[in-house]
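Biologist: I would like a close look at a single part of this model, taken slowly and with the numbers attached. Please begin with the surface of the smaller topic I have in mind, and then let the answer run on as far as it usefully can.

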Amino acid sequence: MTMNERKMIDLEQGWEFMQKGITKLKNILEGLPEPQFSSEDYMMLYTTIYNMCTQKPPHDYSQQLYDKYREAFEDYITSMVLPSLREKHDEFMLRELVKRWTNHKVMVRWLSRFFHYLDRYFIARRSLSPLNEVGLTCFRNLVYLELNGKVRDAVISLIDQEREGEQIDRALLKNILDIFVEIGMGQMDYYENDFEDAMLKDTAAYYSRKASNWIQEDSCPDYMLKAEECLKREKERVSHYLHSSSEPKLLEKVQNELLSVYGNQLLEKEHSGCHALLRDDKVNDLSRMFRLFSKIPRGLEPVSSIFKQHVTGEGTALVKQAEDAASNKKAEKKDVVGLQEQVFVRKVIELHDKYLAYVSDCFQNHTLFHKALKEAFEIFCNKGVSGSSSAELLATFCDNILKKGGSEKLSDEAIEETLEKVVKLLAYISDKDLFAEFYRKKLARRLLFDKSANDDHERSILTKLKQQCGGQFTSKMEGMVSLFISSYGS
Amino acid sequence: MRKEDTVKLISAEGFEFVISKEAAMVSQTIRNMLTSPGSFAEAQHGEVTFPEISTTILEKICQYFHWSLQYASGKETEFPIEPELTLELMMAANYLHT
């Protein structure tokens, strides 16, 4: 029998034949003993559809077949799938759902292959939903809409159990969440509205409870350790079963509850807060603090302000020390008084080195902290000690290093380094011109009385000063040096 | 060719044409069937019966498959079609989604 000679197939007849095939498929899916489809079965089913669609009207049954296709799914779902799901709860329900969804996808694949001819012409011509979309939509409208609430609650409760340390079946959760994603058929709406929103709310509530306990009981470093751990675990959770788009939203919620809400309380904890950590040089804890607070909006501002307060405090203490020492020795000669001030400058340099290291190590060179450091130094560097302004102190310090027989005996390298640091400190002093005056006077004296220890150092510091403060600053001094040094050479 | 790489196409009159799978998959219909998941009993692997396609047409179709593969790999020759076969050939092609 060739194409031209085939018999007309009546709708009833044809559908009865198709129904047998559909029932066979259902049995296979339900796990009943049923032989697999042979290629002959397949061809017969396909051919029946083909024939019914290519018959001359009014026997062209495309529309009816399209409707019956949908009905086949609806039947199966209402009669077998939904009842089996309704009678189960919690984790069992989740497992059943995954199984039914997988089955459903198989069913769609098979039936749409049988009915494929519809896709090619009937559906294309009338811009209807293609077969596999029809299949998935049936599942969505009948099963998903009814159950998604229960499913969501079951999933969230499992997540909370995992947070409390229990083992849960992560693969199961991943499969369930994949359903939320797949049912959107390209859109994330269902995942976001039906699952993610509720999950985020629950997460926020969970961490809010935890934080309110921890903030009472734990010290700042301990709290921070816990916070860091939680963030790490939530990130892992995303990689194990949540959809990747949830990651930023989830982390933001956790950070908000743990850090933003209790941020100030945490930093200002009396014996373990930011001040205490700075005072006790707890670099690791400070680094952790930076890492955590840099993630929340405006989180670093309070930290940098405490840092500034601390540095200012330390610097001011040095000034006071020097003042006290100086006033004790007021009766004696100026030389000895000068020594105290040299010590003061040394100590300021050390302080600067220490906290610059903090800025680059703990605070990852963040501008906010550079600024805090600068402002702190500007505050106490401009306080003089026993009548001498800081400008004069610095100039005297340089003089000691550069002159022969000065009180500082250092290697060439050490001298270079120290000069470098002194010039950096100059940046914090507001009356730089005063420094220039003092320096020039002392320089003149060194040159005139041939007390300069090393010409290279003299030139080098002038270069550094020029870089920092500009040519105008150093022009006269450079003139003096060239005059003397060149004439000395000749 | 190994057994696994071939399929057998059987015409209405019972003639068997053994061709490579690659050739047969030029037809979407055959391709769908062969790639359906979890499908076929071993015994019937690779045999497809077409009770509605005559031998002459099926033969031409097999030739078309091979020609199509050759055309795709660069040999741009012509495919001769006898006019009296045209109508049936077209209908078969439609059926097989080729």
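Modeller: In this predicted model, the accessible surface of chain B comes to about 5,400 Å², and carbon and sulfur atoms account for 54% of that area. Turning from the surface to the interior, buried residues make up 42% of the 98 residues in chain B. The secondary structure of chain B consists of 4 helices and 3 strands, and along the sequence these elements are arranged in the pattern β-β-α-α-β-α-α, so that, with strands and helices taken as DSSP runs numbered from the N terminus, the pattern opens with two strands, continues with two helices, and places a further strand ahead of the final two helices. As for how chain B is held together in terms of contacts, if one takes those with a separation of 6 or more, 63% of them are between residues 24 or more positions apart.

Chain A offers some local detail to set beside this. On its surface, D412(A), E413(A), D455(A) and D456(A) form a negative patch, and the elements that give two or more residues to this patch are helix 18 (412-426) and helix 20 (455-469) of chain A. One of the patch residues, D412(A), has its place in helix 18; its relative accessible area is 49%, and because exposed means over 50%, D412(A) is classed as partly exposed.

Two buried residues of chain A can be described in a similar way. L94(A) belongs to helix 4, which spans residues 90-114, and L94(A) counts as buried because its relative accessibility is 0%. Leaving aside neighbours within four places in sequence, L94(A) is in contact with V151(A), A154(A), V155(A), L158(A), L172(A) and I176(A). R126(A), by comparison, is 32 residues from L94(A) in sequence, and the two are 38 Å apart in space, C-alpha to C-alpha.

Q255(A) is found in helix 10, residues 246-260 of chain A, and with a relative accessible area of 11% Q255(A) is also buried, since the cut-off for that class is under 20%. With neighbours within four places in sequence again left aside, the contacts of Q255(A) are L231(A), S260(A), K295(A) and I296(A).

Key. Residues numbered from 1 in each chain as written. Chains lettered and ligands numbered in written order. Predicted model: local features only at pLDDT ≥ 70, side-chain atom pairs only at ≥ 80, totals over all residues. Heavy atoms only, no water. Buried < 20%, exposed > 50% of the residue type's maximum accessible area, 1.4 Å probe, protein only. Contact = heavy atoms within 4.5 Å. Areas by Shrake-Rupley, 256 points an atom, 1.4 Å probe, with all protein chains shown as cover. Patch = residues over 30% accessible without salt bridge, like charges linked within 9 Å, V, L, I, M, F, W, Y side chains within 5 Å. Salt bridge = Lys/Arg side-chain N within 4 Å of Asp/Glu carboxyl O. Lys, Arg positive; Asp, Glu negative; His and termini not counted. Charge placed at Lys NZ, Arg CZ, Asp CG, Glu CD.
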